[in-house]
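Okay, thanks for coming, everyone. I'll put the structure up and then just talk you through a few parts of it.

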Amino acid sequence: MPQLSEKQLILAIAAGGALFAGASFGGVYYVCGMMEEENAQITQIQSKIRVAEQKKSRISKDETSVIILRQNVGEYVKILPEEEALTNFARKIQDFATSSGVQIRSLTNVKSQSSAAFRDFRYKIALRGDLWQVLRFMNSFEVFKRFVRISDFAITAGKSRNDSDSANVQHDVQMTVQSFVYNPGSGGVPVEIPNYNRKRDRLRDEIFKARAEIRLDTYAFKGDRARRDIFVDPRIARIESQESTLPQVPKVEQKKIVEDLSRKVAALTDQYNEAMATPIILVRIEMLEKVKRGMADVKLRIDRNEETQRISYPPYKTTYSRQVLEPFAALESNLNNDKRESPTPGIPYSELVTLQQEMERYLIDGRLQDAKSRFQVYIGKLDEFKPNDKRYEIARILKDLHKKTMTALEFTGIRINVSGVILQESGVSAAIINGKTYQEGDAVGDQLFLKSIGPEMIEFLYKGVVIAQRR
């Protein structure tokens with residue numbers, strides 16, 4: 001083999017070095033690419049882990065919401081129409097139209113649409129009436145015992161044929177009313193929640209609180225009350241034309257009627273307030289009976305004025321509404337709903353209310369013996385009220401407060417030593433009680449559960465009663 005010259009040897013070494021360097025660079029480049037791919041996968045996995053942790057942290061709250069909803073679904077369903085009521089709903093709409101005075105021009109049943117657990121039904125309605133008739137018709141759905149909503153609404157304002165007819169202008173209205181029917185079993189397979197019964201018992205207070213909030217708020221429509229129709233041109237020319245029309249009753253006499261009734265309603269209101277401030281029940285009853293007799297006389301005069309439209313001059317009509325009709329309606333409402341009146345024998349309603357307030361304050365302040373002693377006087381006296389007596393419900397509340405008081409006193413006899421807590425913003429917190437570690441929801445003893453742990457307070461659930469204790 002021929003010997004390489006020095007120059008050739010140097011070139012060979014240089015070529016080998018370059019080849020090795022190139023191979024090394026290629027290897028490094030390949031490894032870097034692999035590392036970038038691995039880092040991208042790691043980042044993607046970490047992102048999925050964060051999403052999973054967020055979902056995991058919401059499990060407890062979601063479970064709570066689901067349990068409360070499941071336990072109260074029966075209450076929600078009660079305000080929905082029953083299946084057999086659907087066939088009579090069109091007749092009910094016609095009844096609403098008759099009572100409100102509107103004219104139904106068309107009534108169309110829209111094909112029902114099914115959903116997971118609720119099936120909706122709708123009626124498209126075209127009607128004609130003045131503004132107050134239309135509002136009264138809509139209010140009929142609002143005060144209906146079942147849930148009904150107006151899903152869409154459109155109005156075409158009418159025009160008065162003459163200036164004196166502006167108060168009764170007929171408008172064309174199109175609306176759709178909608179409600180739902182519950183389809184049990186059609187919402188798929190319910191998600192199974194581990195330890196459901198135990199968690200349900202722990203949420204007992206929250207379940208009943210949510211159940212108490214299930215209601216349909218309503219408003220009773222009170223008529224036009226001298227308001228103007230906002231869909232009618234209110235310009236001065238129309239008003240001047242109205243004033244030029246001779247009223248049925250002279251303005252002087254209209255003014256006298258308004259002032260007289262205004263004084264009578266104000267006097268009756270003063271008599272009512274005086275009666276309610278009287279501590280002697282029998283005297284209060286006599287005073288209220290006198291108020292009722294006076295109101296009956298005023299009611300006859302108001303009805304006669306409405307029938308004959310004796311108050312027709314707009315300024316007096318407004319004053320009549322504000323100083324007579326509205327205060328009279330408020331007085332009627334107070335007489336019908338005031339909780340301070342206790343006309344039947346026995347413990348007065350106001351006394352029971354005071355007892356309830358005192359016991360609730362004692363329980364909040366932790367004065368359990370005071371709450372027990374305050375109730376002792378009434379033991380055996382709260383069972384005399386009948387279900388139709390308004391004191392029956394408050395007596396039930398008082399007995400429940402007494403039960404909570406006795407349960408809380410029994411709880412104070414249980415040895416509970418909290419030596420430390422572990423608070424988790426997302427997740428389940430824990431506490432060291434009597435030397436053992438318990439998580440929220442765990443049973444600490446017989447009918448005793450660790451309900452929740454806060455920065456300052458720990459809540460226990462003992463025999464169905466939530467009891468808060470400072471850490």
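So, to start with: which residue in S7 does isoleucine 432 stand opposite? That one is threonine 437. And before anyone asks, yes, this is a predicted model.

Let me stay around that spot for a bit. Strand S6 covers residues 430-433 and S7 covers residues 436-439, and the two run antiparallel, joined by four bridges. Together they make a hairpin with two residues between the strands. If you like looking at backbone torsions, go to asparagine 434 in the turn, where phi is positive, about 55 degrees.

On its other pairing, S6 goes with strand S5, residues 418-422, again antiparallel and again over four bridges. Isoleucine 432 turns up here too, as the bridge partner of glycine 420. A second pair to click on is isoleucine 422, which stands opposite alanine 430 in S6.

Put those together and you get an open sheet of three strands, order S5-S6-S7, with antiparallel pairing. S5 and S7 are at the edges with a single partner strand each, so each of them has one side without a neighbour in the sheet. Ignoring direction, neighbouring strands in this sheet are turned by 25 degrees against each other on average.

Right, next sheet. This one is also open, but it has four strands, in the order S8-S9-S10-S11, and the pairing is antiparallel. Which strands stand at the edges here? They are S8, at 443-445, and S11, at 465-470; each has a single partner strand, so one side of each has no neighbour in the sheet. From one strand to the next, the twist averages 35 degrees.

In the middle of that order, S9 (residues 448-453) and S10 (residues 457-462) run antiparallel and are joined by five bridges. One pair to look at is leucine 448, which is opposite tyrosine 462 in S10. There's a helix on this sheet as well: H12 packs on it and touches S9, S10 and S11, with its direction at about 45 degrees to that of S11.

H12 has a helix partner too, so let's turn to that. H10, residues 349-365, packs with H12, residues 391-412, at an angle of about 25 degrees, and the axes are 10 Å apart. The cut-off for roughly parallel is under 35 degrees, which means H10 counts as roughly parallel to H12. The crossing of the two is left-handed.

Who makes the contact? From H10, the residues include Leu352, Val353, Met359 and Leu363, and from H12 they include Ile394, Ile397, Leu398 and Leu401. Glu360 of H10 and Arg391 of H12 are in there as well. By class, the contact residues split into ten nonpolar, three polar and two charged.

One more residue before I zoom out. Lysine 255 sits in helix H7, residues 251-276. Is it buried, exposed or partly exposed? Its relative accessibility is 39%, so lysine 255 counts as partly exposed. Now compare it with threonine 319: the two are 64 residues apart in sequence, and their C-alpha atoms are 9.4 Å apart in space.

Finally, the whole chain. We have twelve helices and eleven strands, and of the 471 residues, 30% count as buried. Taking contacts between residues at least 6 apart in sequence, 65% join residues at least 24 apart.

That's what I had, so over to you.

Notes: Residues numbered from 1 in each chain as written. Predicted model: local features only at pLDDT ≥ 70, side-chain atom pairs only at ≥ 80, totals over all residues. Heavy atoms only, no water. Axes fitted to C-alpha atoms, helices over the stretch in contact; angles between N-to-C directions. Parallel < 35°, antiparallel > 145°, perpendicular 65-115°, else oblique. Left-handed = near helix turned anticlockwise from the far one by under 90°. Contact = heavy atoms within 4.5 Å. Nonpolar A, V, L, I, M, F, W, Y, C, P; charged D, E, K, R; others polar. Pairing = 2+ DSSP bridges. Buried < 20%, exposed > 50% of the residue type's maximum accessible area, 1.4 Å probe, protein only.
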